[in-house]
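Reader: Please show me the structure. Then take me through the words used for it.

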Amino acid sequence: MNRIAPLLSAVGLTALLAAAGCGGGQMTTAATPPAIIAAAPDTALTADIVARVDGVAIPKSELDQALAQMLTRGNVPPDFLGDSVKVAGLRRQLLDRLIAQRLLVLDATARQIAVDTAGVNAEFRQLRDQFPSDSLYRAQLADAGLTEAGLKEEIRKGQMLNKLRDTVILPTVPPVSAADRDSALNAARATLAGQEEVRARHILILADEGASASDVAKAEAKTKALRAKAVRPRADFAALAKANSQDPGSAENGGDLGWFGRGAMVPEFEQAAFALKPGEISPVIRSPYGFHIIKLDDRRTKQLSTQDSLAAMGNLENRNRGLRFNSYLDSLRGAHQVRINPALGSAAPMMEN
């Protein structure tokens, strides 16, 4: 596996898109793709030149290398490779990304955004140290079509774009409105409609699938004895769990597992827990971990967790960043001449990578 290619993504436009909330995990284009200027005959857009930005060529070899790096990272679905239309669309998306990078670098340069050599060298050394040997580093550098100086230049550009993002683009992202916030949280709550969660505690006696028959029998007998104590009137299940359970994650809390929904536990445990009514104690249950006794404390309609709320708000903030980033790219396209070889066609729909 080539380590240079994914690391280049970390210092280039992919990282900028991700940190700006523009779906760095996606092939993404701006709201308005660059216009194709088919000024034929145009010797400036020959077969070996896929585009020009302010007259400076983007050679076909650079686009080919970008596609090769994506293939190296395994980010292209298998069904793409045998479909010439999808591959052509992917190449166009990659070209849009290369154009965006050129435009952003031009903008950062015009704004005199500079990075210091020490910072570039430090990031280079960090990248270089990930390789176990110099020979492997050199070989993979060559596979990526780079020289060491070229790699440092990519790092410099990446740092420059990060500064552009942090000092120019992100400060102009509008805050999430109260109406959008409420709408997002309501939508998140709607996805939980009809979903149930339970709060339970348990006692576990370990006997995993590798345990001997003798150990399994002993664990089962011990669990049955504990259950007999647990179902006695006025029995303190939490105290029994604290004294006997072999689950290190819950024993100290009296076996309390907190609230959980379906899919959070192994099937045997889940089925038993959700079959109980509050206050009931299950029969002895066998799971891959051993033997359990479960007591159901409560059940309710699933609630929107803090994590769910934060995720919904994060999605909103990412949307706002993405919209601002796309509008910023559109403004750069209006300020610079972007000419694309007509053979590349139009941008294809977004693809996860």
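Author: Start with contact: it means heavy atoms within 4.5 Å. The model is predicted: local features need pLDDT of at least 70, side-chain atom pairs count only at pLDDT 80 or more, and totals for chains, interfaces and linings use all residues. Residues are numbered from 1 along each chain as its sequence is written, and side-chain values use heavy atoms, without hydrogens and water.

Reader: How many helices and strands are there in the protein chain?

Author: The protein chain has 13 helices and 9 strands. Both are DSSP runs, numbered from the N terminus: helices are H or I over at least four residues, strands are E over at least two.

Reader: Why is M160 called buried?

Author: Buried means under 20% relative accessible area; exposed is over 50%, and partly exposed lies in between (1.4 Å probe, protein chains only). M160 has 2%, under that 20% limit, so M160 is buried. The residue sits in helix α8 (residues 148-169). M160 touches V105, A108, T109, I113 and V115, leaving aside residues up to four places away in sequence. V105 is 55 residues away in sequence, yet 7.5 Å away from C-alpha to C-alpha.

Reader: How much of the whole protein chain is buried?

Author: Of its 353 residues, 40% count as buried. Contacts also reach far along the sequence: among those between residues at least 6 apart, 77% join residues at least 24 apart.

Reader: How do you know that β4 and β7 pair?

Author: Two strands pair if DSSP finds at least two bridges between them. β4 and β7 have 11 bridges, so they pair, and the sense is antiparallel. One of these bridges sets L206 opposite G290 in β7.

Reader: What joins β6 to β7?

Author: They run antiparallel, with 3 bridges between β6 and β7 (residues 290-301). Set 3 against the required two: β6 and β7 therefore pair as well. S287 faces G290 in β7, and R286 has F291 as its bridge partner there. The two strands form a hairpin, with 2 residues between them.

Reader: What is the order of the strands in the open sheet?

Author: The order is β5-β4-β7-β6, 4 strands with antiparallel pairing. β5 (256-261) and β6 (285-287) are the edge strands, because each pairs on one side only. From one strand to the next, the twist averages 45 degrees.

Reader: Which helices lie on the sheet?

Author: α10 (residues 213-230) lies across β4 (196-206), β6 and β7, at about 45 degrees to β7. α12 (residues 267-274) packs there too, touching β4, β5, β6 and β7, at about 50 degrees to β7. Such angles run from 0 to 180 degrees between N-to-C directions; axes are lines fitted to C-alpha atoms, for helices over the stretch in contact.

Reader: What covers the buried residues of α12?

Author: The cover includes β4, β5, β6 and β7. The buried residues in α12 are F269, E270, A272, A273 and F274.

Reader: What makes D247 the charged residue in the lining of the second largest pocket?

Author: Asp, Glu, Lys and Arg count as charged; Ala, Val, Leu, Ile, Met, Phe, Trp, Tyr, Cys and Pro as nonpolar; the others, Gly among them, as polar. D247 is Asp, so D247 counts as charged. The lining divides into 7 nonpolar, 3 polar and 1 charged. Other lining residues include F269, S287, Y289 and H292.

Technical notes. On a 1 Å grid over the protein atoms alone, a cavity is a set of points where a 1.4 Å probe fits but cannot get out, and a pocket is an open set with protein on both sides within 12 Å along at least five of seven lines; lining residues have an atom within 4 Å of a point.
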